[in-house]
Amino acid sequence: MTPKDKIRNFCIIAHIDHGKSTLADRILELTETVELREMEDQLLDNMDIERERGITIKARAVRLTYHADDGEDYYFNLIDTPGHVDFNYEVSRSLAACEGAVLIVDASQGIEAQTLANTYLAIEHDLEVLPVINKIDLPSADPERACNEVENVIGIPAMDAPRISAKMGTNIKEVLERIVTDIPAPKGDDDAPLKALIFDSYYDQYKGVIIYVRVKEGHIKAGDTIRLMAAQAEFQTVEVGYMGAKDLVPVGELHAGEVGYITASIKDIGDTRVGDTVTNAERPCDESLPGYKKVNPMVFSGIYPADGAKYGDLRDALEKLMLNDASLSFEPETSIALGFGFRCGFLGLLHMEIIQERLEREYNLDLITTAPSVIYKVTLTSGEVKYIDNPTNYPDPGTVASAEEPVVNAHIYTPSEFVGNIMELCQDRRGTFVDMQYIDENRVDLHYVLPLNEIVYDFFDALKSRTRGYASFDYELKGYAPSKLVKLDVLLNGEIVDALSFIVHEEKAYARGRRLTEKLKENIPRQMFEVPVQAAIGGKIIARETIKALRKDVLAKCYGGDITRKKKLLEKQKEGKKRMRQLGTVAVPQEAFMSVLKLDD
Amino acid sequence: MIGIYVHVPFCLRKCPYCSFYSVPFSAENSDAYVEAVCRNMERYRDVGAEADTLYFGGGTPSVLAAEQIWRIVKTCREVFGLKNAEITLEANPCTVDEEKLIGYRQAGVNRLSFGIQSADDEKLRFLGRLHDRDTAVKAVELAAKVGFTNISGDLMLGSVGEDSESIKRSVDALCALPLNHISAYMLKIEEGTAFDCDEVRNKVADDDKMCDLYLTAAEELEAHGFMQYEISNFAKEGFQSRHNNKYWECEEYLGFGPSAHSFYGGKRYCCPSDVKRFIESEIQPEIITEESVDSGEEYILLGLRLSKGISLDRVTQLYSPEAAESLLKRAKLFESHGLAEVGEDRVKLTRKGYLVSNGIIAELIDAVNS
């Protein structure tokens with residue numbers, strides 16, 4: 001049994017790109033948890049997408065042994081957290097599993113949106129926050145300023161924060177020593193009824209669901225019958241252990257204060273919700289751990305296979321992804337334009353992007369996705385309240401008494417020179433200014449309330465392009481607000497294309513309609529006859545473009561008996577047709593559907 | 001009855017827009033070439049294939065001497081019969097004189113096709129032609145004088161500075177000559193030719209302009225009694241090219257010479273574009289381009305080039321009544337946009353339809369296959 005005073009449970013929090021995974025790698029290296037020859041950059045991020053984008057999607061944990069300067073061995077449980085707002089809830093559960101957090105701040109960039117959001121979360125969970133200034137090797141590094149920011153903005157002492165370069169391996173040992181001295185050891189009664197927090201889970205083909213837990217009270221061993229309190233499900237424990245850097249390592253028992261895993265032949269990941277409490281079925285605890293909630297998707301989008309024949313493959317792939325991602329939801333959906341596909345729910349934009357990317361990369365699928373939508377709350381004249389996540393289901397305007405849309409509290413951190421640009425953007429996105437605070441003389445925190453449907457579109461890209469990539473952005477759901485919403489339809493050659501319909505605020509409908517028809521005109525090739533592209537609200541046309549008829553596509557010369565070119569052309573046409581969706585008489589390429597997702601140039 | 005195509009791969013000078021295979025002319029090479037053509041024809045002596053058209057294409061067939069043409073025609077007649085045959089020779093206005101033309105006639109040639117291209121000297125220079133308007137006029141008149149009664153002229157649409165007026169002038173000039181067939185084709189910048197550069201591309205007609213020029217030329221030609229029978233071909237009554245029609249009507253033909261194509265015995269194949277190899281090989285090398293031909297697809301693909309179009313009965317035979325029905329339905333959509341005409345039993349394209357025929361053909365083939 002591991003002595004409690006030798007355990008340190010901590011996570012690393014940082015804004016994206018500030019070096020979280022790199023520091024984790026250095027720590028793994030220095031504690032010789034992983035032999036140097038096995039080192040691969042960013043070990044904890046084992047999905048390709050994570051490594052490429054430099055983000056963490058899933059929480060992960062590893063146990064390390066550190067031989068400290070005081071001559072004692074310490075057991076570190078490092079819990080890696082997703083750094084993005086979409087996974088805020090997961091982050092909060094990971095934090096709840098720790099006593100301390102190492103806060104990384106980039107020495108040249110200082111505090112960013114996620115730095116603050118995650119730090120506040122950590123403080124909320126009573127974590128000891130240990131600031132670390134990273135990237136001191138960069139020429140533009142200004143550790144002094146970064147420390148000042150931490151003190152002034154967050155209000156925690158930082159002047160003696162370790163100044164490190166995770167990349168170069170500078171001063172890493174100092175961080176480890178500070179973890180020993182500054183982060184408190186866990187508490188808890190080994191003999192109390194079991195109380196363990198689930199902070200992650202994933203599906204393993206052989207063992208079933210593997211639950212990552214932090215034991216708060218009591219102990220657990222193989223053979224115990226466990227109860228998942230929120231899920232109200234019971235299982236017999238097969239194995240318990242801790243997470244080595246490369247493998248799971250079974251142990252006899254897990255005690256209060258420890259971080260480890262449990263397997264219990266669980267087939268459905270839906271049973272092992274993050275935040276749920278594990279207790280002993282025979283000797284249950286009185287009440288579950290606080291903070292559990294079921295996370296619900298906020299952003300919805302239709303996902304269709306580009307090739308209709310791949311529908312089955314898409315379903316299989318979604319099912320497999322769902323094995324490991326309880327927050328992903330999907331149900332079959334049929335579109336007149338796109339055929340059979342799925343309406344998928346995501347935690348947020350990044351989550352949506354990641355799922356799409358994984359479907360395309362890991363499952364080799366070519367997808368057409370529809371514009372992301374949020375859940376609108378519509379009260380009908382009959383008094384009935386409806387929640388609409390698919391524009392196609394939007395009720396007839398005549399029957400709508402009132403409509404509400406989700407809004408978010410958004411914080412944008414930016415160098416002050418871009419404030420004007422950002423205010424303009426937020427204004428344009430129907431934002432309500434709340435306040436603006438100076439972080440230091442050069443940087444500000446802009447606080448806006450924004451409709452979620454304005455940011456699911458292409459807000460992030462727009463923000464980046466208006467601030468040369470310097471602004472960072474974070475949001476949380478605030479609630480619903482009354483709104484004047486309309487459904488905008490797109491007609492090609494006079495026929496509504498259901499997959500292109502979306503819900504938009506009345507005031508923005510005209511501009512959006514115009515932009516959309518322009519984009520479609522650019523992206524739909526000339527057809528053999530003229531095709532009108534229209535945007536309409538109800539029956540009323542509000543914008544129109546015309547795709548001119550193709551005039552010349554002919555092989556004028558066909559002599560000498562050489563018809564191979566003619567045949568090649570025909571093959572090319574057939575190939576091209578495969579990538580097109582036939583909507584009535586109009587052939588629409590996949591790119592046209594995608595082009596309407598980014599209307600901001 | 002099959003057709004015989006002989007590709008004469010020699011030119012005095014390569015035209016900058018031309019993508020057909022040719023090499024510079026030399027007398028000794030041409031003798032060996034003629035030898036090789038005859039040698040290859042001989043292989044069919046006991047096969048029993050009968051031909052009623054012979055076509056000398058190129059390159060520039062008129063660089064060959066009358067005796068050389070005579071040798072090939074003689075061999076061809078011995079092997080393939082050539083009863084009441086149409087024997088065409090493509091000629092460059094610069095390479096003929098009275099004596100030579102008489103020689104060709106004596107060799108059996110009864111149809112000439114002159115690469116006139118334009119009646120405007122500026123455009124002829126741009127196209128890199130060796131002749132000017134006067135040379136072309138003289139050559140055609142000379143051909144008529146020595147007794148040719150079936151003469152065709154090529155007209156190139158859309159070269160530098162072309163507008164509807166200049167097109168009309170060229171058409172009028174050609175129609176004033178003793179011609180009874182005109183091929184009018186739109187200039188196309190082919191990959192790998194000297195014309196394949198932006199400088200030229202910017203000078204010649206763009207797609208929209210080209211379409212207008214084509215429509216103007218076609219109307220003007222029909223006004224002069226040259227009736228359109230294929231996308232780029234117009235003829236006075238009774239003077240359609242029997243040989244070229246074989247290509248479009250999916251009939252068989254044998255090709256001799258480098259880069260010549262054949263459709264024979266259900267296969268399509270061609271001889272590689274290599275005159276040295278052709279001359280040195282006992283039997284001309286052949287590359288199969290299609291092992292077994294999809295006759296339904298080809299019927300639609302080629303038949304829709306013709307102004308008579310395709311027959312729905314034939315589509316029913318080649319596919320099924322349902323396929324013909326489906327094709328008819330799709331064709332009617334094009335008809336409603338003025339791109340096709342649907343008759344009792346036939347579907348044909350309008351001129352506007354010809355201009356986008358690649359797409360229409362693909363759609364109609366898709367219709368019969370789905």
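Okay, so before anything else, a definition: helices here are DSSP runs of H or I with at least four residues, numbered from the N terminus. Keep in mind that what you're looking at is a predicted model.

With that, let's go to helix H7 of chain A, residues 311-324. There's a patch of negative charge on the surface, where A:Asp307, A:Asp313, A:Asp316, A:Glu319, A:Glu360 and A:Asp366 gather. Helix H7 gives the most to that patch, with three residues. One residue that sits in H7 is A:Asp313, and since its relative accessibility is 40%, it counts as partly exposed.

Stepping back to chain A as a whole: we have 13 helices and 32 strands. Of the 601 residues, 57% are buried. The accessible surface comes to about 24900 Å², and carbon and sulfur atoms hold 48% of that. If you take contacts with a separation of 6 or more, 69% of them join residues 24 or more positions apart.

For an example of such a buried spot, try A:Leu130, in strand S5, residues 128-134. A:Leu130 counts as buried because its relative accessibility is 2%. Its C-alpha is 7.4 Å from that of A:Asp182, although the two are 52 residues apart along the chain. Beyond its sequence neighbours up to four places away, A:Leu130 touches several residues, among them A:Leu103, A:Val175 and A:Ile179.

Now, salt bridges. Side chains of opposite charge can pair when their charged atoms come close. Over all chains the count is 59. In helix H1 of chain A, A:Arg26 and A:Glu29 are three residues apart, about one turn, and their side chains meet at 3.3 Å, N to O. Is each partner buried or exposed? A:Arg26 is buried at 11%, while A:Glu29 is partly exposed at 26%.

You see a similar question with A:Asp428 and A:Arg429, which meet in a salt bridge at 3.9 Å. Here A:Asp428 is partly exposed, at 42%, and A:Arg429 is buried, at 6%.

Over in chain B, B:Glu222 pairs with B:Arg351, with the closest N and O atoms 3.1 Å apart. That one links distant parts of the chain, helix H8 to helix H14, 129 residues apart. B:Glu222 is partly exposed, at 25%.

And back in chain A, there's a network of salt bridges linking A:Glu112, A:Arg145, A:Glu149 and A:Arg443.

Last stop, B:Thr60, in the loop between strand S4 and helix H2 of chain B. B:Thr60 is buried, at 9%, and its contacts outside four places in sequence include B:Phe10, B:Cys11 and B:Asn92.

Terms used:
Residues numbered from 1 in each chain as written. Chains lettered and ligands numbered in written order. Predicted model: local features only at pLDDT ≥ 70, side-chain atom pairs only at ≥ 80, totals over all residues. Heavy atoms only, no water. Patch = residues over 30% accessible without salt bridge, like charges linked within 9 Å, V, L, I, M, F, W, Y side chains within 5 Å. Areas by Shrake-Rupley, 256 points an atom, 1.4 Å probe, with all protein chains shown as cover. Salt bridge = Lys/Arg side-chain N within 4 Å of Asp/Glu carboxyl O. Lys, Arg positive; Asp, Glu negative; His and termini not counted. Charge placed at Lys NZ, Arg CZ, Asp CG, Glu CD. Helix = DSSP H or I, 4+ residues; strand = E, 2+ residues; numbered from the N terminus. Buried < 20%, exposed > 50% of the residue type's maximum accessible area, 1.4 Å probe, protein only. Contact = heavy atoms within 4.5 Å.
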